[in-house]
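The following exercises concern a single protein chain. Each task is followed by a solution that proceeds step by step.

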Amino acid sequence: MSLPRIGVVIVTMGTRPRELAALLASVEKQDSPAARVVLVGNATPLTDVATDATKVPLEENLGCPGGRNVALELLRDSGEVDVVVELDDDGLLIADDVFRTVQHLFAEDPELGIVGFRVADEHGHTERRWVPRLRADDPMRRGPVTAFLGGGHALSMPMLRQTGLWAGEFFFGHEESDLAWRALDAGWKILYEPDLVLQHPRTSPARHAGHYRFTARNRVWLARRRLPLLLIPVHLGVWILLTTARTRTLAGLTAWWGGFFEGVRTPCGPRRPMSWGTVWRMTRLGRPPII
């Protein structure tokens with residue numbers, strides 16, 4: 001069985017030098033080495049980073065999906081890799097067989113497009129919001145899913161050539177859903193593999209500047225781009241109710257509504273709605289695209 005070649009993509013803003021150094025060391029210690037590692041600096045020169053990885057410093061902060069696209073285009077055009085592992089710069093691979101496991105998963109199933117890692121904190125705990133299914137009581141339950149976490153995952157390069165890369169205009173938030181829905185609509189599988197662990201500090205997504213605005217705007221863009229017309233008001237209505245119930249601050253709710261209306265009135269990119277067959281497939285997998 002021929003094993004796919006692994007590429008690694010890490011995007012950083014240069015604000016986590018200690019965590020980044022640890023992550024790069026964990027990448028280097030893998031018992032099946034990556035064919036190429038690409039480190040993208042979002043508005044940072046990377047001059048202080050000691051690594052053998054290919055450095056791509058950007059003058060502008062393109063956001064996580066935009067920065068990853070720069071690296072993916074480089075790897076795609078080089079023809080050096082078949083599968084790309086993307087990792088948050090404050091994550092850590094605690095096992096040394098991650099890449100080897102990823103290789104075997106993709107080699108065994110040519111229809112596999114995305115493998116989602118299990119994210120766990122330094123105590124091994126996986127938060128409910130880190131489990132990519134509605135029934136999140138058991139983070140160790142392996143199987144096909146409709147979503148994956150951006151912090152740690154592997155992407156098939158043939159899939160990316162068919163579906164396209166990340167939605168760079170999203171900048172931050174819901175870009176994973178956009179890519180997952182495109183992959184499912186094109187017939188690819190998404191697998192949640194809890195034995196692949198990315199250690200990540202327990203944090204709140206609201207720590208990111210503009211979290212509420214980007215989350216709301218991109219939620220609307222996602223619905224407008226990818227859902228059949230009948231499902232758009234259902235999807236957004238559900239999320240209005242959930243956000244109203246979950247958001248604890250007036251400032252957060254105000255920012256969310258501002259982003260929501262920004263998403264309604266601004267261009268969202270090309271509209272390519274998923275088929276009703278994909279809607280049914282996602283429903284059978286346990287998560288219809290209304291929530």
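Two residues are said to be in contact when they have heavy atoms within 4.5 Å. The model studied here is predicted.

**Exercise 1.** Determine where Thr 44 lies and which residues Thr 44 touches, not counting residues up to four places away in sequence.

*Solution.*
Step 1. Locate the residue: Thr 44 belongs to the loop between strand E2 (36-41) and strand E3 (54-57).
Step 2. Consider its accessibility. Buried means under 20% relative accessible area. Thr 44 has a relative accessible area of 14% and is therefore buried.
Step 3. List the contacts. Leaving aside residues up to four places away in sequence, Thr 44 touches Thr 12, Met 13, Gly 14, Pro 57 and Leu 58.

**Exercise 2.** Describe how helix H7 packs with helix H8.

*Solution.*
Step 1. State the geometry: the axes of H7 (residues 232-246) and H8 (residues 250-265) are 11 Å apart and form an angle of about 165°.
Step 2. Interpret the angle. Angles over 145 degrees count as roughly antiparallel, so H7 is roughly antiparallel to H8.
Step 3. Give the handedness: the crossing of H7 with H8 is right-handed.
Step 4. Name the residues that meet. H7 contributes Leu 236, Trp 239, Ile 240, Thr 243 and Thr 244, while H8 contributes Leu 253, Trp 256, Trp 257 and Phe 260.
Step 5. Classify these residues: seven are nonpolar, two are polar and none is charged.
Step 6. Recall a general rule. An α-helix has 3.6 residues a turn, so residues three or four places apart point the same way.

**Exercise 3.** Find which parts of the chain the salt bridge of Glu 127 with Arg 202 ties together.

*Solution.*
Step 1. Establish the pair: the closest N and O atoms of Glu 127 and Arg 202 are 3.8 Å apart, and the two residues form a salt bridge.
Step 2. Place the partners. Glu 127 lies in the loop between strand E6 (112-120) and strand E7 (143-144), and Arg 202 in the loop between strand E9 (189-199) and helix H6 (211-226), so the bridge joins parts that are 75 residues apart in sequence.
Step 3. Check the burial of Glu 127: a relative accessible area of 15% makes Glu 127 buried.
Step 4. Set the pair in context: the whole structure holds 20 salt bridges.

**Exercise 4.** Which residues does the salt-bridge network containing Asp 178 join?

*Solution.*
Step 1. Take the pair Arg 225 and Asp 178, whose side chains form a salt bridge at 3.2 Å, N to O. This pair links helix H6, which holds Arg 225, to helix H5 (residues 175-185), which holds Asp 178, across 47 residues.
Step 2. Take the pair Asp 178 and Arg 226, with an N to O distance of 2.8 Å. Asp 178 is in H5 and Arg 226 in H6, so this bridge connects parts 48 residues apart in sequence.
Step 3. Combine the bridges: through shared partners, Glu 169, Asp 178, Arg 182, Arg 225 and Arg 226 form one network.
Step 4. Examine burial. Relative accessibility is 0% for Asp 178, 4% for Arg 225 and 5% for Arg 226. Asp 178 is buried, Arg 225 is buried, and Arg 226 is buried.
Step 5. Consider helix H5 as a whole: nine of its eleven residues are buried, among them Asp 178 and Arg 182.

Conventions:
Residues are numbered from 1 along each chain as its sequence is written. This is a predicted model: local features need pLDDT of at least 70, side-chain atom pairs count only at pLDDT 80 or more; totals for chains, interfaces and linings use all residues. Side-chain values use heavy atoms; hydrogens and water are left out. Axes are lines fitted to C-alpha atoms, for helices over the stretch in contact, and angles run from 0 to 180 degrees between N-to-C directions. Helices (H or I, at least four residues) and strands (E, at least two) are DSSP runs, numbered from the N terminus. Angles under 35 degrees count as roughly parallel, over 145 as roughly antiparallel, 65 to 115 as roughly perpendicular and the rest as oblique. A crossing is left-handed if the near helix is turned anticlockwise from the far one by less than a right angle, and right-handed if clockwise. Ala, Val, Leu, Ile, Met, Phe, Trp, Tyr, Cys and Pro count as nonpolar, Asp, Glu, Lys and Arg as charged, and the others, Gly among them, as polar. Buried means under 20% relative accessible area, exposed over 50%, partly exposed in between (1.4 Å probe, protein chains only). A salt bridge is a side-chain nitrogen of Lys or Arg within 4 Å of a carboxyl oxygen of Asp or Glu.
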